[in-house]
Amino acid sequence: MIRLLNILLLVSAISLVTLLVFIMVENLNVLKLAPFVVISFMLLSASFVLKLFLKNNELPRFIQWGIIILSVFPLSVPLFGLIDPFQVEGNWPLMIAGLVFYSGLGLLSISGIFTKQNKPPFSSRVLLVLFSLLIGMWFVFILLKVSDSQLYNYTFIFGVAVTVIYLISLTIGIVKKN
């Protein structure tokens with residue numbers, strides 16, 4: 001599985017860079033290549049986060065597969081966008097929510113919250129669980145398709161809250177280890 005994710009990571013990174021360079025050279029192809037850029041970016045994000053998750057967890061197999069299936073679900077929107085470009089426009093909250101899920105899963109994987117041996121201290125784990133609940137809440141919030149002005153206001157509040165919680169949990173983990 002890790003080897004497949006490494007190949008997917010390499011191929012999506014090369015295709016994303018190639019497409020972006022091609023768009024820079026020929027500005028007329030921006031609209032034609034936009035679905036491919038979105039697919040490459042989503043594949044790059046998903047494969048990187050899943051690789052981090054699989055390397056840094058000791059969860060039971062059914063939970064691992066559940067998270068993998070949940071991670072693959074937001075990739076369906078840009079794939080359907082190849083057939084009907086209006087699908088991407090209509091379902092952009094699912095893609096954004098998927099990226100929020102990827103960032104939360106990646107941060108929790110790096111923090112060691114899914115491991116049994118090198119777990120962070122209890123207070124740090126509580127804050128990280130709170131962080132994951134906020135990520136989940138944000139995932140649902142984006143899927144509800146709130147208006148853009150509300151989305152920007154809540155994005156700022158959410159970003160500040162998540163950053164503070166994550167920094168506090170890392171600080172507690174570093175202080176308790178020393």
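**Exercise 1. Determine which residues Ser45 touches beyond its close sequence neighbours, and whether Ser45 is buried or exposed.**

*Solution.* In this predicted model, once residues up to four places away in sequence are set aside, Ser45 touches Leu99 and Tyr102. The next step is to locate the residue, and Ser45 proves to lie in helix H2. For the burial state, the cut-off is a relative accessible area under 20%. Ser45 has a relative accessibility of 15% and therefore counts as buried.

**Exercise 2. Work out how helices H2 and H3 are oriented towards each other, and which residues form their contact.**

*Solution.* Begin with the geometry: H2 spans residues 30-55 and H3 spans residues 61-72, and the two pack at an angle of about 175° with their axes 11 Å apart. Angles over 145 degrees count as roughly antiparallel, and H2 and H3 are therefore roughly antiparallel to each other. Turning to the residues, H2 contributes Leu50, Phe53 and Leu54, which meet Gln64, Ile67, Ile68 and Ser71 of H3. Sorted by class, this contact of H2 with H3 has five nonpolar residues, two polar residues and no charged residues.

**Exercise 3. Describe the surroundings of Gln64, stating whether this residue is buried or exposed and what Gln64 is in contact with.**

*Solution.* Gln64 belongs to helix H3, and its relative accessible area of 9% means that Gln64 is buried. If neighbours within four places in sequence are left aside, Gln64 is in contact with Phe53, Leu54, Asn57 and Leu59. For one of these partners a backbone distance can be added: Gln64 and Leu54 are 10 residues apart along the chain, while their C-alpha atoms are separated by 7.9 Å.

**Exercise 4. Establish which residues of helix H4 are buried and which are exposed, and how the buried ones are placed around the axis.**

*Solution.* Helix H4 covers residues 76-83, and its buried residues include Val77, Pro78 and Gly81. These three cover an arc of only 95° around the axis, which puts them on the same side of H4. As background, an α-helix has 3.6 residues a turn, so residues three or four places apart point the same way. Phe80 and Ile83 are exposed on the other side of H4. The last step is to ask what the buried residues of H4 pack against, and the partners are H2, helix H5 (86-90) and helix H6 (92-111).

**Exercise 5. Find the residues that Ile39 is in contact with, and give the C-alpha distance between Ile39 and Ser76.**

*Solution.* Ile39 is a residue of helix H2, and with a relative accessibility of 11% it counts as buried. Apart from neighbours within four places in sequence, Ile39 is in contact with Pro78, Leu79 and Leu82. Pro78 has already appeared among the buried residues of H4. Ile39 and Ser76 are separated by 37 residues in sequence, and their C-alpha atoms lie 9.3 Å apart in space.

**Exercise 6. State how many helices and strands the protein has, and what share of its residues is buried.**

*Solution.* The secondary structure comes to eight helices and zero strands, which along the sequence gives the pattern α-α-α-α-α-α-α-α. Of the 178 residues in the protein, 39% are buried. The exposed area is about 11,000 Å², of which carbon and sulfur atoms supply 74%. Finally, among contacts with a separation of 6 or more, 68% are accounted for by residues 24 or more positions apart.

Terms used:
Residues are numbered from 1 along each chain as its sequence is written. This is a predicted model: local features need pLDDT of at least 70, side-chain atom pairs count only at pLDDT 80 or more; totals for chains, interfaces and linings use all residues. Side-chain values use heavy atoms; hydrogens and water are left out. Axes are lines fitted to C-alpha atoms, for helices over the stretch in contact, and angles run from 0 to 180 degrees between N-to-C directions. Helices (H or I, at least four residues) and strands (E, at least two) are DSSP runs, numbered from the N terminus. Angles under 35 degrees count as roughly parallel, over 145 as roughly antiparallel, 65 to 115 as roughly perpendicular and the rest as oblique. Contact means heavy atoms within 4.5 Å. Ala, Val, Leu, Ile, Met, Phe, Trp, Tyr, Cys and Pro count as nonpolar, Asp, Glu, Lys and Arg as charged, and the others, Gly among them, as polar. Buried means under 20% relative accessible area, exposed over 50%, partly exposed in between (1.4 Å probe, protein chains only). The arc is that of the directions from the helix axis to the C-beta atoms. Accessible areas come from the Shrake-Rupley method with a 1.4 Å probe; for residues, only the protein chains shown count as cover.
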